[in-house]
Amino acid sequence: MSLKIAILPGDGTGPEVVREALKVLSAVAKLERIDYTTEPFDYGGDRYLATGKIVDEDEIEQLRSDYDAILLGAIGHPDVAPGILEKGLLLRLRFALDQYINLRPVKLYPGVDCPLKDKGPQDIDFDVIRENTEDLYCGAGGFLRKGTPQEVATQEMIATRFGVERCLRYAFEYCRRRKASGAGKGCLTLVHKTNVLTFAADLWFRAFEEIGDADYTDIERDYNHIDAACMWFVKNPEFYDTVVVPNMFGDIITDLGAMIQGGMGIAAGGNINPDEGGTSMYEPIGGSAPKYTNQDVINPLAAIGALAMLLANSGEPKAGERVEKAIAATTPKLESLAAGRMGHSTTQVGDLVVAAL
Ligand code: IPM
Ligand code: MG
């Protein structure tokens, strides 16, 4: 059966990095004999500016029913007010396709400069599992007396037992797989703020303890307050194995995670719907980088890493691993991971990965 991939290059540097990822896909598909098809979609800032359309129900339904996975470049256009495309397209797809897991590996590849003193690839290799459909991202809240001196604004942090539980179970299972493969020690860290967010964090913490006691006694449980996690990501990253975190805090700590793995140029993420028939979406997490657009200087490794995750999660684990290894063989050849300072163009970095395959 052929793997059907929807391609959403999106805005800014998105198309350039997606082009390199597709080059790698074509190469690895030959080597691993993967039968696949790709179909491009022009959703993003340019289409919105030209037609006023972001993405509608039918288009979402098409992604859901016709595709196994989505590869996304970047969303965010300099001529579109902030929030419109992010909420209207990126978050819309995450919610509508019920991609309730946002999987973000934090891995320092060989030869990459790490801003943390004396830390190397053996110290930085953990996975963050960010809940992706609840919390402050639900858009619940509102204004009262807007625009007056007595204005009130609320923004609600929503945690449902159902949403938290499915995320925690995915994280426990993930941690168990990491342990079985020898990549992790079998320790799952919950990150929240139980000392202040006494309702939402309490639900998370109780569910964590109950599910762990009932079904995952082989997994060690650890808990960090979010502020402490920020400190320890920097001080002792080697401690972490698998981290599970609600949406908003997960957004923040995965940018910190991206920096300790060498920057946005290498940080990939998967918006995953692990349920039967679910359509997942993989993306470099760095954004559209308008100032680097069309200069052939942006780093495509994050998009190529997103492709590796796509393959690994779409029934092609060997191909995923092969791409991942090719990335690890490429990083030592780059002067830096930063746009314009790689010592290679975007195209050349894609070529290096293909050669390493
Ligand atoms: C991310 C981004 C998005 C988020 C934005 C663009 C809506 O920061 O993928 O981490 O907050 O989730
Ligand atoms: Mg973010």
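**Exercise 1.** In this predicted model, list the residues around ligand 1 and sort them by character.

*Solution.* Step 1: a residue counts if one of its heavy atoms lies within 4 Å of the ligand. Step 2: Glu86, Leu90, Arg94, Arg104, Arg130, Tyr137 and Asp251 surround ligand 1. Step 3: five residues of this shell are charged and two are nonpolar, while no polar residue takes part.

**Exercise 2.** From which helix and which domains does the shell around ligand 1 come?

*Solution.* Step 1: helix α4, residues 84-96, gives the largest share of the shell, three residues. Step 2: domain 1 (1-105 + 264-357) and domain 2 (114-261) each supply at least three residues.

**Exercise 3.** Find the distances from Arg94, Arg104 and Arg130 to ligand 1, then state how much of the ligand is buried.

*Solution.* Step 1: a polar side-chain atom of Arg94 is 2.7 Å from an oxygen atom of the ligand. Step 2: for Arg104, the distance from a polar side-chain atom to a ligand oxygen is 2.8 Å. Step 3: Arg130 also places a polar side-chain atom 2.8 Å from an oxygen of ligand 1. Step 4: ligand 1 taken alone exposes 310 Å², of which the protein buries 75%.

**Exercise 4.** Which pocket holds ligand 1?

*Solution.* Ligand 1 sits in the second largest pocket.

Terms used
Residues are numbered from 1 along each chain as its sequence is written. Chains are lettered from A and ligands numbered from 1 in the order in which they are written. This is a predicted model: local features need pLDDT of at least 70, side-chain atom pairs count only at pLDDT 80 or more; totals for chains, interfaces and linings use all residues. Side-chain values use heavy atoms; hydrogens and water are left out. A polar contact is a pair of N or O atoms within 3.5 Å; within protein, one must be able to donate a hydrogen and the other to accept it, and residues adjacent in sequence count only if both atoms are side-chain atoms. Accessible areas come from the Shrake-Rupley method with a 1.4 Å probe; for residues, only the protein chains shown count as cover. On a 1 Å grid over the protein atoms alone, a cavity is a set of points where a 1.4 Å probe fits but cannot get out, and a pocket is an open set with protein on both sides within 12 Å along at least five of seven lines; lining residues have an atom within 4 Å of a point. A molecule sits in a cavity or pocket if more than half of its atoms lie within 2 Å of its grid points. Helices (H or I, at least four residues) and strands (E, at least two) are DSSP runs, numbered from the N terminus. Ala, Val, Leu, Ile, Met, Phe, Trp, Tyr, Cys and Pro count as nonpolar, Asp, Glu, Lys and Arg as charged, and the others, Gly among them, as polar. Domain bounds come from an automatic or database domain assignment.
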